[in-house]
Structure formats: C-alpha cells, structure tokens
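Welcome! Here is a short, friendly tour for anyone meeting this structure for the first time. Take a look at it below, and then we will walk through a few of its parts together.

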Amino acid sequence: MTDRYAVIGNPIQQSKSPLIHGMFAQATGQDMEYTLLETPLGGFAGAVDAFRAAAGKGMNVTAPFKLDAFAYATERSERAQLAGAVNALKFEGAQVLAENFDGVGLVRDVTHNLQRQLKGRRVLLLGAGGAARGALLPFLAQQPDRLVICNRSLEKALELAAIAAKQGAAPGQVLGCSYADLDGQTFDVVFNATSASLRGELPPVPATVFANCGLAYELAYGKGLTPFLRLAQNAGVKRLADGVGMLAEQAAEAFAWWRGVRPDTRAVIARLSVALV
Ligand code: NDP
C-alpha cells in the first residue's frame, strides 16, 4: 500500500516539499505519496487527526503551525524542545513523534555541500527567531570558537546565548548582542537568519563584519542576490550561498527518519537553485 505523507501550512501552495519528496521517493524507490495540506488557522489539530485516521504516516510542518505541532506531539526530540518548534512529525499508533531538522539541515549544507567548517571559526548569526533557535544546538555541536547571535530585539539574542550556556557552551563562547555592538568585529562565517530578505530589506549589519569572511549564507532561498548577499559581495566575500541546500538537507533528514533511507540531495538542489545575481 502506498504510504501517505503531507506538508501542512497556510499558505502552502508555494511549498517545494511535494517536489522534493517526490524526487527523493523516485530516486530511492519508495512507495509513497506526498501532498499539500492547506489548513485554516486554528484547524491544525483537526486536520492532523483526520490525516492520521486516514493512515497518514508523517508530515512536514511549516508556518504558521510549527508551535501547534510542538503542542500536538506526544514525544519531542531534544532539538525540537530547544527550538520550541517542530518541522516534522511521525505517526506511530497513538504516538506522535516530533523533530526539528532545520538546524541540522543548515549545518549539513555548510559542512558537506559547501565544504566549510564551523569548528574553531568565528561565526555570526543574524536573527533570533525560529530558524536561529533551531540552528543553535547543531551550531554548538560544531564547536565554533565564537558564536555571536545578533538581533534587533536584544533580549531574544541574549535568551539564545543563555540557552547555549545551559547546553554546555564555554564562558564567552556564545554571546548575544545588538547590531550596534558589531562595529569593529569580524567573522569567518556570517548567517542571515532574519526574515528581512523576504521583504527585500537589509538587516542593519555593518559591512566591516565581512572583512575576513569566507562564507556569507542567506537562509532565505529562491530570492537571488538579496540585499544581505549583495552587501557581503561588495565587501569582498568570495563564497555566497542561499538556503536552498538547507531546504533540501532538512527534507532529506525527515525522509530518512520516515523511510530509513537517506536520499542524495544533489538533484534537488540543482533543480531548485536560482543564480545569486
Ligand atoms: P521568524 O519570524 O521566527 O524570525 C524573524 C527574525 O528576523 C527575528 O529575529 C527578527 O528580529 C528578524 N528581523 C525581521 N526583519 C528584520 C529586519 N528588517 N532587520 C533585522 N532583523 C529583522 O522567522 P524564521 O526564523 O522562521 O525565518 C528566518 C529566515 O530563515 C527567513 O528568511 C526564512 O525564509 C528562512 N528559513 C529558511 C529555511 C530553509 O530551509 N532554507 C527554513 C526556515 C527558515 P526581531 O526578533 O527583532 O523581530
């Protein structure tokens, strides 16, 4: 029997997940279907109940339901607990297992696809929303020399730094700051995990942070050369990347979790990449 999966969100028509998982299923010979599940706000639990009753096996979860999925789950991974948000569910009888693969997908894209290491590096993370939160534990596992989390609302950056300390970060290894504090600091890798690029905006990051930077990474994808990437390019950064690899890698993690086989992501990344110009 064909196993059923879906991505739930609102809006959801723009989602690339059916294409991605369809390509993975074909490449790995898995008998599964993967559909879009557009659900009204407030309708998350009812929609998931119905999907499970119809023998659904698992789901990806996207905005605005990542917190609803967290509440709905019966078991949450450490990553999901730390992120406070869930982007993948697996249904096993009465159990609802919850995961957050965004951060591991990001790290895998950087270390495996882009062949850049975070170990021993000075890393700047712009933003302290859901994506930054999800990246925190996977980043720490890479043992950066310094991780600076910078956010417009300073308290959220400080909160993430405090979580990192509780997770075993060395004193001073992870710091929260505001944009004004970045003057005079330089970083080996800079991530834009703000949502500014979705509106064509630039977070107020000084170009000087890129002085010795080997990689500028924009988590948004499909936007071409965003204002953040343009700033980095003009500052001399040679390697620019957007979040298409992160998208493919988090999907591959979910696929492996559900199906027990990890698909190769190269064809998906090639299909979805847009030029950074
Ligand atoms: P959230 O809404 O949870 O967080 C948004 C963050 O952006 C906050 O830290 C907010 O700061 C900051 N921000 C928004 N506008 C500005 C601005 N103009 N200047 C400075 N800071 C700003 O969003 P997510 O964390 O879910 O998403 C962040 C980005 O990551 C998006 O671009 C999203 O598309 C991308 N993403 C990519 C994925 C992938 O697979 N490639 C997966 C998930 C996300 P404040 O707290 O002060 O409001």
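Let us start with one residue, Glu249, which lies in helix α9. Please keep in mind that the model is a predicted one. From Glu249 we will move to a neighbouring helix, then to the sheet, and end with a contact between residues distant in sequence.

**Glu249 and its surroundings**

- Is Glu249 buried or exposed? Its relative accessibility is 1%, and buried means under 20%, so Glu249 counts as buried.
- Leaving aside residues up to four places away in sequence, Glu249 touches Gly105, Arg108, Asp109 and Asn113, and also Arg262, Thr265 and Ile269.

**Where α5 meets α9**

- Two packed helices are described by the angle between their axes and by the distance between those axes.
- For α5 and α9, the angle is about 115° and the axes are 7 Å apart.
- On the α5 side, the contact is made by Asp102, Val104, Gly105, Leu106, Arg108, Asp109 and Asn113.
- On the α9 side, Gly245, Met246, Glu249, Gln250 and Glu253 take part.
- The crossing of these two helices, α5 and α9, is right-handed.

**A closer look at helix α5**

- Helix α5 covers residues 102–113, twelve residues in total.
- At 1.5 Å a residue, α5 should span 16 Å, and its end C-alpha atoms are 15 Å apart, so expectation and model agree.
- How many of the twelve residues of α5 are buried? Nine of them are, and the helix is mostly covered.
- Those buried residues are Asp102, Gly103, Val104, Gly105, Leu106, Val107, Asp109, Val110 and Thr111.
- Several helices help to cover the buried residues of α5, including α3 (66–72), α4 (78–83), α6 (130–141) and α9 (244–259).
- Strands β10 (189–192) and β11 (215–218) also belong to that cover.
- α5 lies across β10 and β11, and it runs at about 150° to β11.
- Just after α5 comes Gln115, which takes a positive phi of about 55°.

**The six-stranded sheet**

- Which strands form the open sheet, and in what order? There are six, arranged β9-β8-β7-β10-β11-β12, and the pairing is parallel.
- β9 (174–177) and β12 stand at the edges with a single partner strand each, so one side of each has no neighbour in the sheet.

**Strand β7 and its partners**

- Four of the five residues of β7 are buried, which means that this strand is largely enclosed by the rest of the structure.
- β7 (residues 122–126) and β8 (residues 146–150) pair in the parallel sense over five bridges.
- Along this pairing, Arg122 stands opposite Arg146 in β8, and Leu124 stands opposite Val148 in β8.
- β7 also pairs with β10 in the parallel sense, over four bridges.
- In β10, the bridge partner of Leu124 is Val190.
- Together, β7, α6 and β8 make a right-handed β-α-β unit.

**Strand β11 and its partners**

- In a regular strand, the side chains alternate between the two faces of the sheet.
- In β11, Leu215 and Tyr217 are on one side and Ala216 and Glu218 on the other.
- These four residues of β11 are all buried, and both faces of the strand are covered.
- β10 and β11 run parallel and are joined by four bridges.
- Across these two strands, Asn192 has Glu218 in β11 as its bridge partner.
- β11 also pairs with β12 (residues 240–241), in the parallel sense and over two bridges.
- For Tyr217, the bridge partner in β12 is Ala241.
- β11, helix α8 (residues 227–234) and β12 make a right-handed β-α-β unit.

**A contact between residues distant in sequence**

- Leu19 is found in helix α1, which covers residues 17–28.
- Its relative accessibility is 30%, so Leu19 counts as partly exposed.
- How far apart are Leu19 and Leu272 in sequence and in space? They are separated by 253 residues in sequence, and their C-alpha atoms are 9.6 Å apart.
- Leu19 touches Leu272 as well as Arg271, not counting residues up to four places away in sequence.

Methods
Residues numbered from 1 in each chain as written. Predicted model: local features only at pLDDT ≥ 70, side-chain atom pairs only at ≥ 80, totals over all residues. Heavy atoms only, no water. Expected span 1.5 Å × (residues − 1). Buried < 20%, exposed > 50% of the residue type's maximum accessible area, 1.4 Å probe, protein only. Contact = heavy atoms within 4.5 Å. Pairing = 2+ DSSP bridges. Right-handed = clockwise from strand over helix to strand, strands pointing away. Axes fitted to C-alpha atoms, helices over the stretch in contact; angles between N-to-C directions. Left-handed = near helix turned anticlockwise from the far one by under 90°.
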